[in-house]
Amino acid sequence: MGQIKYENFMSDNVENLELPVSVVIATLGGDTLSDTLERLNCGTKLPAEILICIPEEYLDNVVEVTTFPNINIIKTDCRGQVAQRAVGLEMAKYDFVMQCDDDVILPPDTLEGLFNTLREKGPGNVVAPFFRIQGSGVDGTRYVVGIKGFLTDIYFALICGASFGKKRFGRIASSGVGFGVLMGMESERLIESEWLPGGVVMCCRGDLITDNYYPFSGKAFSEDLMHSILWRKRGCRLWTLLDVSAMVDVTAESFSKVSLVGRYMAHAYVAKLGDGNVWRTRLWFFFYCLLNMRNIIADNQRHK
């Protein structure tokens, strides 16, 4: 793990730099965590506490980050993104709580922008930044135009049960497949949607969902869709801020048997949770496998 900077904590005005925000990160450790923490602690404002939730057997992976004065290492007796994070959410001390993945890079003003917006809107609201791709900076959600775009619209509408065209963005299709918010959908800086990506999300303490709501073992697929549905069932409104961003790395999608099964089960559960249609999930999954057959064969041969 690389050397982490903490110049902001050396300021004589550290109290003015801190926000009453608890950041909760579920992790197994690694180099990406180091980058995430460095950016969190070098922003225009700093979180009052960062809770690193990690199984005890992985503690050696986070030894270096204990030098930060606002970081607490939380040993969990469970492994799994949602389960680990639930432990940290229960222990968060401040009125504003932000969950953050361990591989997300935040620009300097993102934490402050989310905090100011949520403080203004108050309880019953959940806010997230607009996601962009690390390195290129391009929008994480894009709309394809032309003939290819028209065929894509038809596929998502007929197969996935999504609304046609740009109307699908920010919504969850009846198949349990989610579509992110699209930049330029509206002229406002805030867009309300049916779900928020779980990479960076901030809510008030009273709106926390501290249950381990992910019903399967192994890697968590579509847990952010589940989380968003549960928030909305509580009456919370979900907002994306278009003028603040978070940077995410795009990793190669796994087509191993375990990943395929996990992905299908998660989307089917989302469909049930959101009053969708599991038969539509099965239709989507059939075409998903058909369209990716070459990658599925190659990936499973590597895993033999």
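Leaving aside its neighbours within four places in sequence, which residues is M98 in contact with? Let's work through this and three further exercises on this predicted model.

**Exercise 1. List the contacts of M98 and place the residue in its core.**

*Step 1.* With neighbours within four places in sequence set aside, M98 touches V21, S22, V23, V24, L40, L106, L111, L114, V200, V201 and M202.

*Step 2.* Now look at the core. The largest nonpolar core has 33 residues, and M98 is listed with V21, I25, L37, V200 and M202 as having the most contacts inside it.

*Step 3.* Two or more residues of this core come from each of β1 (18-26), α2 (31-40), β2 (46-55), β4 (96-100), α4 (110-121), β5 (125-133), β7 (200-204) and β8 (237-248).

*Step 4.* A separate core of 30 residues lies apart from it, with I74, I172, L196 and V270 among its members.

**Exercise 2. Find what covers α2, and follow the chain into β2.**

*Step 1.* The buried residues of α2 are L33, S34, T36, L37, E38 and L40. Their cover includes β1, β2, β3 (71-76) and β4.

*Step 2.* N41 sits in the loop between α2 and β2. Its relative accessibility is 0%, so N41 counts as buried.

*Step 3.* The side chain of N41 makes a polar contact with that of N70, at 2.9 Å. N41 and P108 lie 67 residues apart in sequence, yet their C-alpha atoms are 8.9 Å apart in space.

**Exercise 3. Work out how β2 is paired and how enclosed it is.**

*Step 1.* β2 pairs with β1 in the parallel sense over seven bridges; here L19 stands opposite P47.

*Step 2.* β2 also runs parallel to β3, joined by six bridges. One of the partners is K75 in β3, which is bridged to I54.

*Step 3.* Together, β1, α2 and β2 form a right-handed β-α-β unit.

*Step 4.* Because ten of the ten residues of β2 are buried, this strand is largely enclosed by the rest of the structure.

**Exercise 4. Explain why C289 forms no disulfide, and compare the setting of C42.**

*Step 1.* The structure holds zero disulfides. For C42, the nearest cysteine sulfur belongs to C100, 14 Å away.

*Step 2.* For C289, the closest cysteine sulfur is in C160, at 13 Å, so the two are too far apart for a bond. The cut-off to apply is 2.5 Å between sulfur atoms.

*Step 3.* As for their settings, C42 is partly exposed at a relative accessible area of 31%, whereas C289 counts as buried at 15%.

How values were computed
Residues are numbered from 1 along each chain as its sequence is written. This is a predicted model: local features need pLDDT of at least 70, side-chain atom pairs count only at pLDDT 80 or more; totals for chains, interfaces and linings use all residues. Side-chain values use heavy atoms; hydrogens and water are left out. Buried means under 20% relative accessible area, exposed over 50%, partly exposed in between (1.4 Å probe, protein chains only). A nonpolar core is a set of buried Ala, Val, Leu, Ile, Met, Phe, Trp, Tyr and Cys residues joined through side-chain atoms within 4.5 Å. Helices (H or I, at least four residues) and strands (E, at least two) are DSSP runs, numbered from the N terminus. Contact means heavy atoms within 4.5 Å. A polar contact is a pair of N or O atoms within 3.5 Å; within protein, one must be able to donate a hydrogen and the other to accept it, and residues adjacent in sequence count only if both atoms are side-chain atoms. Two strands pair if DSSP finds at least two bridges between them. A crossover is right-handed if, with the strands pointing away from the viewer, the path from the first strand over the helix to the second runs clockwise.
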